[in-house]
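User: Please take me through the side-chain contacts and surface features of the structure shown below, by question and answer.

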Amino acid sequence: MSRLLKIAVLGAAGRMGLSVVRAVAAAPDLDLCAAVEREGSVHLGRDIGELAGIGKSGISASTELGAPDVVIDFSSPEVMQEMLEHCSRKGIAVVSGTTGIDEAARMALQQAAGFIPVLWAPNLSIGVQLIYQLAAQCARAIGPQADIEVTEAHHRFKQDAPSGTALQLVQVMADAMGADARQSMVAGRKGADCRRQSGEIGVSSMRAGDIVGDHTVLFALAGERIELTHRAASRDAFVNGALMAARWLAGQPPGLYGFASVLGLDATGPAT
Ligand code: NAD
């Protein structure tokens, strides 16, 4: 029998972390070897299986990553740099789904990729990868004539806005049109004169209840419109993607990868 892949979960007691813990525990080829939480977390020392509702796992939430083959990270942008430095030193592969990352964290991803395989994806669902592709295709075909608007909705606890997925949608569409994503994006319109300028990609965010994650891209032309919509019905969509990514990444040379590579799709835009 081949060796089990050792997984450490960073942000283990969070909404995504606990879902990953449950999925890793249920996977015959994966071995949960660490459940990492922040200093001061009330969950430190508690059995992560019990927290996840699957009974004793023998792994307590701690601040130590240990020596896994792969870290699966759904935590917070602040931890990114330190975690990547640790993993680079120890030769540990990293799958990170954490969103809201800044320029420094992006640089840290690039630097770590010189030493270890790193996969960062603001959305680890298969469907959203296809929406990226379709949005890029529409933008290439009709983008300059269309009014493009992205709307996204998430649960009331989500910290960052717009979502990482909405930002990535803007990026892939801007790339497809040869435009600058930062200049094109107009997020959260408000004010006395919000008339559209040409080339704008509008983004609107809603935070409500327990919505797992909805994204729609609208291309409006005179007299007709196209809407591409993805709705995540449960966190399983992201968890399954994270596990697929971990299995795939363990066999890769150092580099920065996106989820599209795992699925064998053409990457749209920079590695994401
Ligand atoms: P959450 O707040 O429920 O969980 C985050 C967990 O990380 C918390 O338990 C927190 O204590 C822990 N944490 C914070 N700092 C830490 C540190 N320094 N070390 C260890 N643990 C630390 O949030 P969530 O809903 O689980 O989402 C987590 C992240 O994943 C967010 O950035 C979210 O946007 C992102 N996310 C990504 C995807 C995707 O497909 N890529 C899907 C869902 C959520």
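**Contacts and surface features of the model**

Analyst: Methionine 244 is placed in helix α8, which covers residues 236-249. The model under discussion is a predicted one.

User: Which residues make a nonpolar surface patch of about 240 Å²?

Analyst: One member of the patch is Met244, a residue of helix α8. Methionine 244 is partly exposed, its relative accessible area being 30%. The full set that makes the patch is Ile126, Leu130 and Met244.

User: Which residues gather in a patch of negative charge on the surface?

Analyst: Asp and Glu are counted as negative, and one of the residues in this patch is Glu85. Glutamate 85 belongs to helix α3, residues 80-90, and is partly exposed with a relative accessible area of 45%. The patch consists of Glu39, Glu64, Glu82 and Glu85.

User: Is arginine 89 buried or exposed?

Analyst: Arginine 89 is located in helix α3. Its relative accessibility is 62%, and the class "exposed" applies over 50%. Arginine 89 therefore counts as exposed.

User: How far apart are the C-alpha atoms of arginine 89 and methionine 185?

Analyst: Along the chain, arginine 89 and methionine 185 are 96 residues apart. In space, their C-alpha atoms are separated by 37 Å.

User: What separates the C-alpha atoms of valine 217 and leucine 169?

Analyst: Valine 217 sits in strand β10, residues 213-221, and counts as buried at 0% relative accessibility. Leucine 169 is 48 residues from valine 217 along the chain. The separation of the two C-alpha atoms is 8.2 Å.

User: How many salt bridges does the structure hold?

Analyst: The criterion is a side-chain nitrogen of Lys or Arg within 4 Å of a carboxyl oxygen of Asp or Glu. Among the pairs is that of arginine 196 and aspartate 147, at 3.7 Å from N to O. The number of salt bridges in the structure is 13.

User: Which parts hold the partners of the salt bridge between arginine 196 and aspartate 147, and how many residues apart in sequence are they?

Analyst: The side chains of arginine 196 and aspartate 147 meet in a salt bridge of 3.7 Å, N to O. Arginine 196 is in the loop between β8 (185-187) and β9 (201-207), whereas aspartate 147 is in strand β7, so the pair ties together parts that are distant in sequence by 49 residues. Both partners are partly exposed, arginine 196 with a relative accessible area of 28% and aspartate 147 at 36%. The parts are thus the loop between β8 and β9 and strand β7, 49 residues apart.

User: Is glutamate 152, the salt-bridge partner of arginine 207, buried or exposed?

Analyst: The closest N and O atoms of arginine 207 and glutamate 152 are 2.8 Å apart. Because arginine 207 lies in strand β9 and glutamate 152 in strand β7, this pair ties together parts 55 residues apart in sequence. Arginine 207 counts as partly exposed at 27% relative accessibility. Glutamate 152 has a relative accessible area of 3% and is buried.

User: Which residues do salt bridges that share partners join into one network?

Analyst: Glutamate 200 and arginine 189 form a salt bridge, with 2.8 Å between the closest N and O atoms. Both lie in the loop between β8 and β9, so this pair ties together parts 11 residues apart in sequence. Glutamate 200 is buried with a relative accessible area of 10%, while arginine 189 is partly exposed with 32%. The network joined through shared partners comprises Asp147, Glu149, Arg189, Arg196 and Glu200.

User: How many aromatic pairs are there, and why is the pair edge-to-face?

Analyst: Rings pair if their centres lie within 6.5 Å, and planes over 60 degrees apart count as edge-to-face. The count comes to one aromatic pair. Its rings, of tryptophan 248 and tyrosine 257, have centres 5.1 Å apart and planes at 85 degrees, so the pair is edge-to-face. Tryptophan 248 counts as partly exposed at 22% relative accessibility, and tyrosine 257 is buried with a relative accessible area of 15%; the count is one pair, edge-to-face because the planes are at 85 degrees.

User: Which peptide bond is cis, with omega near -5 degrees?

Analyst: Proline 162 is placed in the loop between β7 (147-154) and α6 (164-177). The cis peptide bond is the one from alanine 161 to proline 162.

Technical notes
Residues are numbered from 1 along each chain as its sequence is written. This is a predicted model: local features need pLDDT of at least 70, side-chain atom pairs count only at pLDDT 80 or more; totals for chains, interfaces and linings use all residues. Side-chain values use heavy atoms; hydrogens and water are left out. Patches are made of residues with over 30% relative accessible area and no salt bridge: like charges are joined within 9 Å, nonpolar side chains (Val, Leu, Ile, Met, Phe, Trp, Tyr) within 5 Å. Accessible areas come from the Shrake-Rupley method with a 1.4 Å probe; for residues, only the protein chains shown count as cover. The place of a charge is taken as NZ of Lys, CZ of Arg, CG of Asp or CD of Glu. Helices (H or I, at least four residues) and strands (E, at least two) are DSSP runs, numbered from the N terminus. Buried means under 20% relative accessible area, exposed over 50%, partly exposed in between (1.4 Å probe, protein chains only). Rings of Phe, Tyr and Trp (its six-membered ring) pair if their centres lie within 6.5 Å; planes under 30 degrees apart count as stacked, over 60 as edge-to-face and the rest as tilted.
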